[in-house]
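Trainee: I should like to learn how the features of a model are read, one after another. Where should we begin?

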Amino acid sequence: MDAQLIARWQFGITTVYHFLFVPITIALSMLVAVLQTIWYKTSNDGYLKLTKFFGNLFLINFALGVVTGIVQEFQFGMNWSEYSRFVGDIFGAPLALEALLAFFMESTFIGLWIFGWDKLPKLAHLACMYLTAIGTMVSAVFILAANSWMQNPVGAKYNPVTRRAELTDFGALFTNPVFKATIFHQLAASYMVAGALVAAIAFWHLSRVARGRRTSQLSDAVEVEEARTWRWATKFGAWVLIIAGLGIVVSGDYQGKVMTDAQPMKMAAAEGAYQETSDFSILTIGTLDGSEEVFAIKVPGMLGYLGNGKWGSTIKGIDDLKNVNLNQYTYRRKDGTQTELQSSYQQVLRSHVAKDGVKLEPNIPVSYWTFRIMITLGMIAILAGLVMLVWLAKDRNPGHRRWLSVVLVLIPLMPLFANSFGWIFTEMGRQPWIVAGVLPTLSAVSPGVSAGTVLFSTILYTVLYGVLAVVEVGLFWKYMKKGLPDVAQADSDQDEDAPLSYAY
Amino acid sequence: MFPVLEIAHSPLTPLWFILISVLWIGFFFLEGFDFGVAMLLPFMGKDDRDRRVMVNTIGPVWDGNEVWLITAGGAMFAAFPGWYATMFSGLYLPLLLVLFGLILRGVSFEYRSKHPSSQWRTTFDAMATIGSFLPTLVLGVGFANFVRGIALGPSPTLNGDAPLVTTSFWGLFTPFALVGGILFVVLFCAHGAGFVALKTTGHMHQRAGRTASTLGWAAAVVMAAWALMFNLMYAPAGSLQHTLTWVIGILAVLLVVVGALLSGRGRDGLAFVLNGAAITAMMAAMFIKMWGNIGFRPVGVDFDMWIASSTPYTLKIMTISTSIFLPLVLAYQIWSYWVFRKRISKEAIPSDIAPASA
């Protein structure tokens, strides 16, 4: 095994792991802020309980998101130093601004929120959660601008004197069509996860409290109150899930067209289409070299719509694209053009890399299947949201069944893993390039770091992350089952000498 | 002193060298004390409530403090990609230790009170201590090596020769580097004890004051040894630099001495500020030494802060964003310290093992 391959595995493992926490952080922070807002407006204790309940789950999740995020930042320099040296002039700025604009904001205001319940005026305290949530979104903006640049390197050119890519237009990073498509897709995907999480947990608690009875049949006042709260939260979460689901469909449709323009090879790989075609394959089983098809369900003409916005039009196949690219070891967009960086670096690239025999297409089975798994999981999640809403129609409540618990555990995992598979598709589909059409992944790795060192760190992260996962899931489970917290507390007329809130 | 290259020199390059120094100083000033508090948990925290008092002194702010490091790293990436690439890949194992420590401590603060078991808490407290000790020691050793200058050689890559660290992992542990590591540990512990003294009342307050004073004197001795070795062994070439590192080195020692004296007399606030000033002086001396060569000794390859720098255009964008947002960041961080300005007493910590939820 060479260092490059292990470094890629390390990036994959640490990123997928980190990204189990990120969507929850982005969206659950905002949902907690919304819950707290409703409490602020209504003074109804139920909403305060929900705020604290989901706030706690958010914090358990946030902690791991923070500590695994720092590994991501350091990794560029540690494992991918030639990448960092080559593109740092462009890629570094959004990363630095992410820290300055987003991380300071998140970390300071989450501290104020955790410890500030009885220290801050109610409205200021609420603002702290909004600022935390906005911080997570600002963070997403910068990191996606940086990632989208790797998919479609705009606003930069190659400087032969410094022998690196240099920024020519910072604004282009944020008008990059790939970025515009990705930011909405990712935010919607995050809200699907948080919505599903809220709905599934609330639905489970509702089934436990009400046990299939109608709310009007509950006689105990405490039970009635609790059932009402969970019922409301289930519907709230389900609506978030469904609306975000619509956002996913719309933004995903747009993203497909942008991807076909900027990275035609990725689209072809997603389809496993070796020759020019206009059919969308729902499921194809066969030899994936495209020579034989054993079984296939196809929608004729649909791929043309997904890729070009025109039903029946064709997209280029893997072999077509490979032939064009192989010609001069170059890389072209759908319309045959290149970005300024791609064309200004082409000469150097050709002379250096052609002899290394870089494969010009990504891993096709991975691209094909991750794309489909992402879509399938997302669709099932939306459907689950609809089912929950229908179930709760009128005065009905769910019963408490073992199979129901199992299903409810799976519901938030669907959009969560859809996120993971979507990212695996995006990143694997970009191969063999670390910067599309410019820098091959194999020449981006740190030249002085041995395979043994990368392997050692990969094992260390994997073991450490594995242990942390057990702790996190255990805690999440424990606080999830605990139910609504007790909020019986003195009103804000606090004694001057009263202690701070102790979260630790 | 450095070869003039065919690269557009920007006056913003030195500015960013200074800004990155400021970010590192901010990190060590702030996280220095919360590293210290966590390192002192097993020594100053006699029982769980003691330790809770200590953890709660840094509870609301440690996360924000740590972002100074993330921002320093990000700023190095953006303003000096060459520096970031050479340093992070060249110092792979030390950085891995730092990351390992930061992961342990970050999790331990958040999770220690989430389960009512003393075993659980003891485990996370130990993780906080180890997780604070490792980064402190490694960064102390690391910065001492930057004073000395880490050896670089050329390594052929796709785009010409990359400057690559040629010093081995074990080669980093010179006597001066070890003194640097010990200095960071002792100084940050003194800083942490000073912070606990400042933020608590009663027995904990008194114990922390005594510890801060004792550790302060120890730190003064190590700081003196460090400053002497620094200036005698690695005095920078330029005459102004040389004068500055002597003056600032002596100043750093004096600041720690006065801090220790004041800690002994219960002047917590001033003592804390002086200790922070000593950290600032110590770091400033190192960055003055690193001016130009950014902590490396290149052999057979061109490398300095100009070569490692980003383009004037990128630096301009960074400068504009920073001048707008850094004051804002400082303002709300200061506000968060103000909100939690009150001292914590052990009596106010509920003895009930289950903590208040968020």
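Mentor: We begin with burial: a residue counts as buried when its relative accessible area is under 20%, as exposed when it is over 50%, and as partly exposed in between. Please keep in mind that this is a predicted model. S148(A) has a relative accessible area of 1% and is therefore buried.

Trainee: In which helix is S148(A) found, and with which residues is it in contact, leaving aside its neighbours within four places in sequence?

Mentor: S148(A) belongs to helix α4 of chain A, which covers residues 122-151. Apart from neighbours within four places in sequence, its contacts are N176(A), V178(A), F179(A) and T182(A).

Trainee: How does A189(A) read on the scale of relative accessibility, buried or exposed?

Mentor: The cut-off for burial is 20%. A189(A) has 11% relative accessibility, so it counts as buried. This residue is part of helix α6, residues 177-210 of chain A. With neighbours within four places in sequence left aside, A189(A) is in contact with I248(A) and N419(A). Its C-alpha lies 29 Å from that of K316(A), and 127 residues separate the two in sequence.

Trainee: What is the relative accessible area of L328(B), and in which helix does this residue lie?

Mentor: The value for L328(B) is 49%, which means that the residue is partly exposed. L328(B) lies in helix α12 of chain B, residues 312-339. Between the C-alpha atoms of L328(B) and G101(B) there are 29 Å, with their positions 227 residues apart along the chain.

Trainee: How is the geometry of a helix to be read?

Mentor: An α-helix has 3.6 residues a turn, so residues three or four places apart point the same way. The span offers a further check. Helix α14 of chain A, residues 451-482, has 32 residues and reaches 46 Å from its first C-alpha to its last, close to the 46 Å expected at 1.5 Å a residue. Just after α14(A), G483(A) adopts a positive phi of about 85°.

Trainee: How many helices and strands does each chain have?

Mentor: Chain A has 14 helices and six strands. Chain B has twelve helices and three strands. The radius of gyration of chain B is 21 Å, close to the 21 Å given by the globule rule for 358 residues, so chain B is as compact as a globular protein of that length.

Trainee: What does the globule rule give for chain A?

Mentor: For 504 residues, a compact globule would have a radius of gyration near 23 Å, and the 25 Å of chain A agrees with this. Along the principal axes, the C-alpha trace of chain A spans about 75 × 55 × 40 Å, while the C-alpha atoms of chain B fill a box of roughly 65 × 40 × 40 Å.

Trainee: What share of the residues in each chain counts as buried?

Mentor: In chain A, 60% of the 504 residues count as buried; in chain B, 63% of the 358 residues do.

Trainee: How are the contacts distributed along the sequence?

Mentor: Contacts between residues at least 6 apart in sequence are considered here. In chain A, 80% of such contacts join residues at least 24 apart. In chain B, residues 24 or more positions apart account for 81% of the contacts with a separation of 6 or more.

Trainee: What do carbon and sulfur atoms supply of the area that each chain exposes?

Mentor: Chain A exposes about 19400 Å², of which carbon and sulfur atoms supply 64%. For chain B the area is about 12500 Å², with 72% from carbon and sulfur atoms.

Key:
Residues are numbered from 1 along each chain as its sequence is written. Chains are lettered from A and ligands numbered from 1 in the order in which they are written. This is a predicted model: local features need pLDDT of at least 70, side-chain atom pairs count only at pLDDT 80 or more; totals for chains, interfaces and linings use all residues. Side-chain values use heavy atoms; hydrogens and water are left out. Helices (H or I, at least four residues) and strands (E, at least two) are DSSP runs, numbered from the N terminus. The expected span of a helix is 1.5 Å times one less than its number of residues. The radius of gyration is taken over C-alpha atoms; the globule rule is 2.2 Å times the number of residues to the power 0.38. Buried means under 20% relative accessible area, exposed over 50%, partly exposed in between (1.4 Å probe, protein chains only). Contact means heavy atoms within 4.5 Å. Accessible areas come from the Shrake-Rupley method with a 1.4 Å probe; for residues, only the protein chains shown count as cover.
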